[in-house]
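Me: I'm new to this one and would like to learn how to read it. Could you walk me through a few features?

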Amino acid sequence: MRPQWTDLTGPWEFTVGYSNGAPDTVGFDRTIRVPFPPESVASGIAEPNGLHSVWYRSSFAGAELESAGWVPGRRLILHFGAVDWEARVWVNGVLVSTHRGGQSPFSADVTHAIDPERENTIVVHAVDDPDDVSILRGKQDWRDEPHAIWYHRTTGIWQPVWLEAVAPVAIDGLVWTTDIPAAGVDVEVSLSDLPAAGAWLHVEVAYEGEVLAQTRTLVQSRFETVRMRLPRQANGQQYEELLWSPGHPILIDAVVRLEPADGDDSSVDEVASYFGMRSVEATASTFMLNDRPTKIRAVLAQNYWPESHLAAPSAAALRREVELILSLGFNTARVHQKAEDPRFLYWADRLGLMLWSETASAYSFDRRAVSNLISEWTSLVKRDLSHPSIIAWVPLNESWGVQHIAHGPRPRALSRSVADLTRALDGTRPVISNDGWEHTSSDIWTIHDYEGDPEVLAHRYRDRHSLEAMLHGFGPAGRRLYVDDGAPAEHPFMVTEFGGVSLASDNDKDWGYSTVGSSAEFTARVCALIRAVALAEPLSGFCYTQLTDTGQETNGLLNQDRTPKVDVARVRAAVRGGTVRSTV
């Protein structure tokens with residue numbers, strides 16, 4: 001984070017069509033509110049169907065340049081949080097960026113294209129073919145009307161857009177990796193270019209004003225890894241005081257400063273950052289956080305909003321989502337088929353919510369789908385590596401995009417390779433190769449089970465022997481749990497989708513995995529199902545489906561407006577494995 005930047009969200013000019021148009025030939029006939037997708041009401045467009053090619057136009061001038069910190073000699077960077085799916089960006093008619101990937105961020109150096117003496121025009125063209133099932137679509141429906149577990153589509157800009165001025169040679173990225181036994185932390189610093197000889201990197205880390213460590217490193221490459229030892233953490237009787245965990249979300253502040261050899265203050269680049277010290281591991285039988293057995297008590301969150309779809313209605317809504325999950329007693333969230341806005345990850349770090357990081361899936365298996373998954377997933381892992389809240393990676397779910405993995409060596413090869421790629425990018429977290437069933441190279445055996453009878457559910461997960469039998473055969477959904485070559489390794493078991501109870505309504509489009517008739521019965525059934533898995537000794541964790549009603553999928557603990565459908569105190573007690581008592 002830098003202290004100065006300019007927010008470009010708000011009203012932009014907008015139009016649909018002109019698939020092969022140039023920016024100076026497009027006629028803009030409407031206004032859209034960025035960053036809300038045009039399918040949503042919040043955007044001011046609210047056209048759920050027929051979007052394929054969309055155009056945006058906005059402008060910035062001297063005031064925006066000043067607030068971004070730009071002066072002659074500095075560079076101006078234009079940032080996009082996410083544009084679904086393929087984007088081209090022009091500034092003053094100059095093509096400054098092309099990008100593919102609907103969830104991953106991208107930036108463009110636009111210094112060469114701007115004129116500080118006049119108004120500067122930004123044009124964005126986004127193409128998102130609703131019939132293209134080789135791109136990562138996640139829960140976006142391929143039909144015009146949302147059905148079952150799929151929702152309205154998202155086209156174009158759906159995360160923030162902003163301007164930021166940086167030094168001629170600037171810090172492009174930071175990755176923090178902590179080593180608790182060694183009482184140390186590494187920071188990988190990426191620079192935009194190799195500075196002139198004699199430049200230095202300064203790194204300082206502190207907690208509540210107490211400087212824990214600082215170092216000065218001579219820059220010899222665009223990519224420098226700075227290793228720091230935190231002497232305070234060498235004391236084995238106090239090192240746990242600074243460890244990050246859900247009940248103790250300690251974040252350590254950091255400042256990274258690049259100083260050029262010539263001592264020119266205008267060429268100095270300084271950024272603020274933070275990290276959390278913690279370790280995660282999946283042993284043969286349990287999940288470990290900071291070398292202690294920890295039960296994952298998760299809820300599946302779609303993070304769709306009725307008024308804004310994939311985009312959050314406000315920055316505050318992202319914080320509120322984390323707070324709601326914690327209020328229900330969960331210590332973890334699985335944001336489903338979506339790489340969430342980094343501001344949500346920030347609040348998970350800050351407030352103490354563990355996360356399973358998942359990407360949207362393609363719907364087909366072909367060479368384009370493979371390439372799209374590898375490219376976008378790599379970008380997302382690199383984006384999110386430093387968040388202490390993320391405790392597991394989930395590149396595939398329920399064989400979406402690898403539907404014939406049980407029968408085809410190529411889909412199995414993709415599952416194995418993307419899991420190993422994830423481990424190569426980050427060796428500090430477990431990887432779930434294919435959440436729910438048909439695992440290959442997985443570090444946790446995960447099971448999806450929508451059994452509606454709590455007693456059946458409790459009996460099914462009563463002992464390790466029952467789980468091992470599933471692993472060598474078929475799971476409750478009638479799918480093989482393991483499809484790779486050789487014997488499956490010993491790993492923890494978790495039920496990572498279950499529940500899905502819907503409250504009966506007069507709307508025949510409402511959908512759930514099972515249905516009950518009254519609010520009292522709804523809370524009772526939900527609590528009984530949660531207790532069945534929460535108290536199952538062989539399970540290292542669970543994930544209840546789901547946090548909120550979403551469109552026609554009405555199996556949330558909360559309504560779409562985030563008001564509770566359940567007795568929150570009773571659900572919280574069930575999640576934590578305690579006695580469920582009525583508050584009536």
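Reply: Sure, let's start with a charge and a ring. Arginine 216 lies over the face of tryptophan 200, at 3.7 Å from the ring centre. A charge sits over a ring if NZ of Lys or CZ of Arg is within 6 Å of the ring centre and within 35 degrees of the ring normal.

Me: And what am I looking at overall?
Reply: This is a predicted model: local features need pLDDT of at least 70, side-chain atom pairs count only at pLDDT 80 or more, and totals for chains, interfaces and linings use all residues. Residues are numbered from 1 along each chain as its sequence is written, and side-chain values use heavy atoms, with hydrogens and water left out.

Me: How do I read two rings together?
Reply: A pair of aromatic rings is described by the distance of the centres and the angle of the planes. Rings of Phe, Tyr and Trp (its six-membered ring) pair if their centres lie within 6.5 Å; planes under 30 degrees apart count as stacked, over 60 as edge-to-face and the rest as tilted.

Me: How many aromatic pairs does that rule give here?
Reply: The count comes to 18 aromatic pairs. One of them joins phenylalanine 498 and phenylalanine 542, edge-to-face, at 6.0 Å centre to centre with 80° between the planes. That pair links distant parts of the chain, with phenylalanine 498 in strand 28 and phenylalanine 542 in strand 31, 44 residues apart. Strands here are DSSP runs (E, at least two residues), and helices are too (H or I, at least four), numbered from the N terminus.

Me: Are phenylalanine 498 and phenylalanine 542 buried or exposed?
Reply: Both phenylalanine 498 and phenylalanine 542 are buried. Buried means under 20% relative accessible area, exposed over 50%, partly exposed in between (1.4 Å probe, protein chains only).

Me: What about the side chains along a strand?
Reply: In a regular strand the side chains alternate between the two faces of the sheet. Take strand 9: Phe106 and Ala108 point to one face and are buried, while Ser107 and Asp109 point to the other and are not. Strand 9 also pairs with strand 5 in the antiparallel sense, over four bridges; strands pair if DSSP finds at least two bridges between them.

Me: Which residue is the bridge partner of phenylalanine 80 in strand 9?
Reply: Phenylalanine 106 is that partner.

Me: Where is leucine 328?
Reply: Leucine 328 is in the loop between helix 2 and strand 24. Leucine 328 counts as buried because its relative accessible area is 1%. Its contacts (heavy atoms within 4.5 Å), leaving aside neighbours within four places in sequence, include Leu547, Val568 and Arg572.
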